[in-house]
Amino acid sequence: MTLAQERTLAAKVRADFPILHQQIHGKPLVYLDNAATSQKPLVVLDALQNYYQQDNANVHRGVHTLSSRATDAYEGARDKVAAFVNAASRQEIVYTRNASEAINLVAYSWGTSNLQAGDEIILSVMEHHSNLIPWQLLAQRTGAVLKFVELTETEEFDLEHFKSLISDRTKLVAIVHVSNTLGCINPVQEITAIAHQHGAKVLIDACQSVPHMAVDVQAIDCDWLVASGHKMCAPTGIGFLYGKLDLLRSMPPFLGGGEMIADVFLDHSTYADLPHKFEAGTPAIAEAIALGAAVDYLSAIGMETIHTYEAELTAYLWQQLQQVPQIRLYGPKPDANGEGRAALAAFTTAAVHPHDLSTILDQAGVAIRAGHHCTQPLHRFLGAQSTARASLHFYNTREEIDTFVAALKEAIDFLGIFLDKRNWATHSSMPNNPCA
Amino acid sequence: MSLDNLRNLYQQVILERYKSPRHRGKTDPVDRYQKGHNPSCGDTIELTLHLDEAAERIQDVKFDGEGCAISLASADLMAEALRGRTVAEALEMVQRFQSMMRGEAEFPQEFRKLNVMQGVAQFPVRIKCANLSWHTLKAALEAQEAQLAAFVSNE
Ligand SMILES: Cc1ncc(COP(=O)(O)O)c(C=O)c1O
């Protein structure tokens, strides 16, 4: 974990991200809001530009050259995504706008036709709203019941609690792979095996894992897995659903329209084969192609390399944050090599509200997120109204962590001098740094 | 760090009010109750009002809740400024405050303390924080009586 080694990856890639090379309020930008969305490398921007400058045409609809080029690139990107997550077949990858749409697709298509009153769905308290609201809506439609796995002492997925909740009434388990707030990495393989023993289907929300580590859908053996392109160096407006072939085949269409049909009559239609059955209307062609470019880019670096480098950053981030007085860090502590959690840290400090912190850090060029990060129930569970969150990607550096932590300390000084006597001791989310 | 920008936002008065608010709590009696919520950050405020018999004049205002320095200081300063005002005057002040957040107005001498919030107009993403209590006040005043479950969202 030497400085020289660390410089290697970030130094190699930073030139690929033009957006990182700018000043904010006269300070170099330190972008630490990657869990919200990642930045895009030039190859991805070029893919968008090239598509519109050279190949733009509708897909699957024309015999002319441009249409065939567009179709090849669009479908070629699907092959890349399939290989990236090790799907058994390209037909198992359905393009969606984002992870949220992918989850809604499963909830409407599979959920509505398979769930009945009294059936149970197991989620966890750490789910992003995207992996909660669609199931709430499904429960309202069908009378299914939602159950929630709670957290261990170390603020991780409580596998024992999960085992106590699951039964033959459980029809679905939908769990986040890596929490966007706690940073814990959930044992999805084990969860899936247990769920399958009870005949339940499993959906994995891989939004925060796919951009940062190798994810293998066959090894996990999940029934569905969802992710958003924009968090993995691709543009917004594109994401994907992985689903096991037979299962996707058995599911009725979600949205109707062009593209998803085989034969159309006035009173009924037959549907296209997978994956197009679930891709109604003209898709986000350029974005899908750019997603393919992002996957190529990440694969060229290597997900193992990215993961190892991010683990080094995690160890350093944690070590530095722990030195900030009266900080409360959420989620599990990394081990000495930075393993055991994702390269992000949600925290609160005794002196400064996350919102104020984010404004003050912005003046120092440092972009972090403040709020509930779309995990409001988790925040309620933790007794925190909101948290601040710094989330890293492979283009971040140790120096940026230094800048962030120095600015954090300054911010605490800036507001803290006025606020030192404020009664935060009663704040329920502020036990004495249990992660230390 | 651009401390000048920050000092303009976090004026001394704002920080003092954040640290030691003067109008936290609940009025006695509670003639109006309104909960306000800023869904984007999770901040909440509970506003209580004590009105005169005719429900025309504000006798007392108190707030409770959790939030950032901007939202809590704004609530505290608002509570102070409202004492003794008529409902109509208070509604006019809501409008003026919201205009001030757009950089289009300020308060006259009598209410000059409220002008310390002017710096927020330079931080567009924080305007919601400053507006939360005023937004909640408007809902409280427009309600006909104490609504114990009332909840407004600042979106
Ligand atoms: C864990 C997790 N799940 C789901 C989502 C939703 O992603 P999107 O808004 O792109 O659908 C996010 C992103 O905010 C996330 O972090």
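A residue counts as buried here if 20 or more other C-beta atoms lie within 10 Å of its own, as exposed if 12 or fewer do, and as partly exposed in between, with C-beta atoms placed from the backbone. Helices (H or I, at least four residues) and strands (E, at least two) are DSSP runs, numbered from the N terminus.

This is a predicted model, in which local features need pLDDT of at least 70 and side-chain atom pairs count only at pLDDT 80 or more, while totals for chains, interfaces and linings use all residues. Residues are numbered from 1 along each chain as its sequence is written, and chains are lettered from A and ligands numbered from 1 in the order in which they are written.

## Chain B: a covered helix and a hairpin

Let's start with helix α3 (residues 69-82) of chain B. It has 14 residues and reaches 20 Å from its first C-alpha to its last, close to the expected 20 Å; that expected span is 1.5 Å times one less than the number of residues. Most of α3(B) is covered, with 12 of its 14 residues buried. Among them are Ala69(B), Ile70(B), Leu72(B), Asp76(B), Met78(B) and Leu82(B). Just past the helix, Gly84(B) takes a positive phi of about 85°.

Strand β1 (residues 32-38) of chain B is also well wrapped: 6 of its 7 residues are buried, so the strand is largely enclosed by the rest of the structure. Its antiparallel partner is strand β2 (residues 43-51) of chain B, over 7 bridges; strands pair if DSSP finds at least two bridges between them. One of those bridges puts Arg32(B) opposite Leu49(B) in β2(B). The two strands form a hairpin with 4 residues between them, and Gly42(B) in the turn has a positive phi of about 90°.

## Where the chains meet

Contact here means that the C-beta atoms of two residues, placed from the backbone, lie within 7 Å. The chains meet through 19 residues from chain B and 24 residues from chain A. On the chain B side, the elements that give two or more residues are α1 (3-9) and α2 (12-19). Of these, α2(B) gives the most, with 3 residues. By type, the chain B side has 10 nonpolar, 5 polar and 4 charged residues. For that count, Ala, Val, Leu, Ile, Met, Phe, Trp, Tyr, Cys and Pro are nonpolar, Asp, Glu, Lys and Arg are charged, and the others, Gly among them, are polar.

## Chain A overall

Chain A holds 14 helices and 17 strands. Its radius of gyration is 22 Å, which agrees with the value near 22 Å for a compact globule of 436 residues; the radius is taken over C-alpha atoms, and the globule rule is 2.2 Å times the number of residues to the power 0.38. The C-alpha atoms fill a box of roughly 75 × 55 × 35 Å along the principal axes. Buried residues make up 51% of the chain. Among contacts between residues at least 6 apart in sequence, 72% join residues at least 24 apart.

## The ligand and Val85(A)

The ligand is surrounded by 14 residues, and the closest are Asn98(A), Ser100(A), His128(A), Asn180(A) and Ser228(A). A residue is near a molecule if its C-beta atom, placed from the backbone, lies within 6 Å of it. This shell divides into 5 nonpolar, 8 polar and 1 charged.

Val85(A) is 43 residues from His128(A) in sequence and 21 Å from it in space, C-alpha to C-alpha. It sits in the loop between α3 (65-84) and β4 (93-96) of chain A. Val85(A) counts as buried because it has 21 C-beta neighbours inside 10 Å. Leaving out residues up to four places away in sequence, Val85(A) touches Val210(A), Val215(A), Asp216(A), Val217(A), Leu225(A) and Tyr242(A).

## Backbone oddities

Most residues other than glycine have a negative phi, and most peptide bonds are trans. Two non-glycine residues of chain A have a positive phi, as tabulated here.

| Residue | Phi | Loop in chain A | C-beta atoms within 10 Å |
|---|---|---|---|
| Cys233(A) | about 75° | β9 (224-228) to β10 (239-243) | 27, buried |
| His373(A) | near 50° | β16 (369-371) to α13 (376-382) | 24, buried |

There are cis peptide bonds too. One runs from Leu274(A) to Pro275(A), with omega near 0°, and Pro275(A) lies in the loop between β12 (269-271) and α10 (285-301) of chain A. Another runs from Asp28(B) to Pro29(B), also with omega near 0°; Pro29(B) is in the loop between α2 and β1 of chain B.
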